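Please look through the structure shown here with patience, and try each question before reading the reply beneath it.

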Amino acid sequence: MNNLKDKCVVLAVSGGIAVYKAIELLRLLTKAGADVHVIMTRAAQEFVTPLTFQTLSSNPVHTELFNLIAEREIGHISLADRADLFVVAPATANVIGKIACGIADDMLTTTVMATKAPVLIAPAMNVNMYTNPIYRENEARLGRLGYLFVDPVCGSLACGWEGQGKLAAPEVIFEAALAALSDKDLAGRTIMVTAGPTREELDPVRYISNHSSGKMGYALARASVRRGASVILVSGPTCLPAPYGVESVLVVSAREMQAAIMSHVSRCDVVIKAAAVADYRPVERMATKVKKQHDDITIELVKNPDILAGLGAMNQRPFLVGFAAETDNLAEYAAKKMREKNLDMIVANDVSRADAGFNAENNRALLLFRDGSSEDCPLMSKDALAERILDSIATKLSGDSC
Ligand code: PMT
């Protein structure tokens with residue numbers, strides 16, 4: 001769900017080469033409907049001019065603590081009060097040190113000190129600064145006080161060093177911003193999501209698979225993290241980056257997916273099987289490339305294990321959510337799968353139309369529940385459908401624990 005719509009987000013930019021990434025973050029925030037107000041430190045303005053941020057945010061950029069025009073409403077206090085979320089990106093060691101020590105000597109540090117909004121900090125700095133015990137203590141102190149962090153990533157740094165210190169990708173900071181504003185109704189739950197296709201190899205260069213892109217499963221994993229769950233994402237081959245905050249397990253074949261699921265299932269409260277598992281695999285996988293010799297060849301296939309049915313047959317099983325990809329008799333076939341695989345819920349996908357289902361941006365579905373009830377979800381983004389599915393799961397889980 002887009003919980004940034006119409007929210008006031010203060011984007012505080014401090015000085016470092018990663019300032020250019022804050023421009024992309026600003027774009028993502030405004031695209032999601034947030035009203036973004038940018039604060040730039042003096043050092044940040046050495047890298048990018050305020051005009052860039054002003055143009056993209058459609059709001060004046062705040063650079064001075066004492067601004068005669070805005071002073072009638074005391075600029076830093078009014079911004080601090082209006083903020084629903086405060087994002088510091090990139091955050092230098094200097095700025096983080098000042099915030100941790102309660103120093104408020106410019107627009108950024110004064111406003112962050114005055115706000116009651118959640119504060120999300122995305123550090124970027126040299127690896128030796130990042131590992132310096134003084135910095136570590138500052139970060140730990142802020143963490144204890146409820147400040148949220150998006151860890152920097154490893155790579156070659158602008159200063160010439162290799163190591164952890166690069167600002168996280170704008171998409172990752174954006175995801176953390178969404179999470180910071182989400183209700184944590186799945187906190188304390190562990191959810192396993194499966195996504196993508198499986199590939200069943202014929203030889204070293206060929207395989208049997210399907211059109212699943214993984215988008216539906218990845219949307220479910222992202223939304224589960226936002227809502228506070230610990231998430232294990234078991235994914236077949238996709239082009240998608242691992243979502244922020246998930247434990248990602250990459251597999252190729254159905255049997256690998258089964259092994260991964262079985263090794264983690266005992267710690268899961270919920271399993272959501274959005275993956276499109278290949279029902280059959282070649283009886284034999286050739287060690288070398290099969291040569292083109294005959295006009296016709298026959299490939300003998302054998303059934304893959306039905307992973308979901310196996311989970312349904314467990315004595316102590318988690319809350320089980322299956323998907324059913326159907327081209328006809330949607331409700332009837334999906335209900336049959338729910339019964340036969342002993343599921344709590346099934347998401348019936350009409351994949352007969354090109355605007356939804358496999359490899360589409362959107363999806364439509366009929367949610368069927370074990371108690372016979374159902375809910376129709378018209379065409380919507382996969383992110384929105386993921387939230388609807390999780391709403392139902394959260395309701396069922398809270399009903400169980402009453
Ligand atoms: O990945 P996208 O491009 O975003 O597309 C999303 C999707 C269309 C793949 C997804 O929404 C979807 O419908 N996934 C299930 C596809 C499927 O395999 O359906 P099925 O009806 O064949 O299988 C029913 C259920 O049993 C599924 O939950 C499946 O994961 C599971 N299954 C199937 C076969 C098997 N051997 N083991 C299984 O666990």
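The questions and answers below deal with a predicted model, moving from its domains and sheets to its ligand and some backbone details.

Q: How many Å separate the centres of domain 1 and domain 2?
A: The domain assignment of the protein chain gives domain 1 as residues 8-180 and domain 2 as residues 190-397. When the centres of these two domains are taken over C-alpha atoms, the separation between them is 38 Å.

Q: Which strands stand at the edges of the eight-stranded open sheet?
A: The order of the strands in this sheet of mixed pairing is β12-β11-β8-β13-β16-β17-β18-β19. An edge strand has a single partner, so one side of it is left without a neighbour in the sheet, and this holds for β12 (247-250) and β19 (374-381). On average, neighbouring strands here are turned by 15° against each other, with direction ignored. The strands at the edges are therefore β12 and β19.

Q: Which residue in β12 stands opposite Leu233?
A: Strand β11, which covers residues 230-235, pairs with β12 in the parallel sense over four bridges. Across from Leu233, the residue found in β12 is Ser248.

Q: About what angle does the direction of helix α13 make with that of β17?
A: Helix α13, residues 330-340, packs on the eight-stranded sheet, where it touches β16 (319-326), β17 (345-350) and β18 (362-369). Compared with the direction of β17, the direction of this helix makes an angle of about 150°.

Q: Why is one side of β2 and one side of β5 left without a neighbour in the sheet?
A: These two strands belong to an open sheet of five strands with parallel pairing, in the order β2-β1-β3-β4-β5. Since β2 (35-40) and β5 (148-149) stand at the edges, one side of each has no neighbour because each has a single partner strand.

Q: Which helix packs on this sheet and touches β1 and β2?
A: Strand β1 (residues 8-13) and β2 run parallel and are joined by six bridges, with Val9 standing opposite Val36 in β2. The helix that touches both strands covers residues 50-57, and its direction makes about 170° with that of β2. This helix is α3.

Q: What percentage of the area that the ligand exposes when taken alone does the protein bury?
A: The ligand is surrounded by 27 residues, and the closest include Lys337 and Asn349. One oxygen contact of the ligand, to an N or O atom in the side chain of Asn349, spans 2.6 Å, while a contact to such an atom in the side chain of Lys341 spans 2.9 Å. Taken alone the ligand exposes 770 Å², and the share that the protein buries is 96%.

Q: Which element supplies the largest share of the shell around the ligand?
A: At least two residues of the shell come from each of α10 (215-226), α12 (307-312) and β16. The largest share is four residues, and the element that supplies them is β16.

Q: Which residue takes a positive phi in the hairpin of β6 and β7?
A: Strand β6 (residues 153-156) and strand β7 (residues 162-166) pair in the antiparallel sense over four bridges, and Ser156 stands opposite Glu162. Five residues lie between the strands of this hairpin, and the residue with a positive phi, near 100°, is Gly160.

Q: Where does Asn329 lie?
A: Asn329 has a phi near 45°, which is a positive value in a residue other than glycine. Its place in the chain is the loop between β16 and α13.

Note on methods:
Residues are numbered from 1 along each chain as its sequence is written. This is a predicted model: local features need pLDDT of at least 70, side-chain atom pairs count only at pLDDT 80 or more; totals for chains, interfaces and linings use all residues. Side-chain values use heavy atoms; hydrogens and water are left out. Domain bounds come from an automatic or database domain assignment. Two strands pair if DSSP finds at least two bridges between them. Axes are lines fitted to C-alpha atoms, for helices over the stretch in contact, and angles run from 0 to 180 degrees between N-to-C directions. Contact means heavy atoms within 4.5 Å. A residue is near a molecule or strand if one of its heavy atoms lies within 4 Å of it. A polar contact is a pair of N or O atoms within 3.5 Å; within protein, one must be able to donate a hydrogen and the other to accept it, and residues adjacent in sequence count only if both atoms are side-chain atoms. Accessible areas come from the Shrake-Rupley method with a 1.4 Å probe; for residues, only the protein chains shown count as cover.
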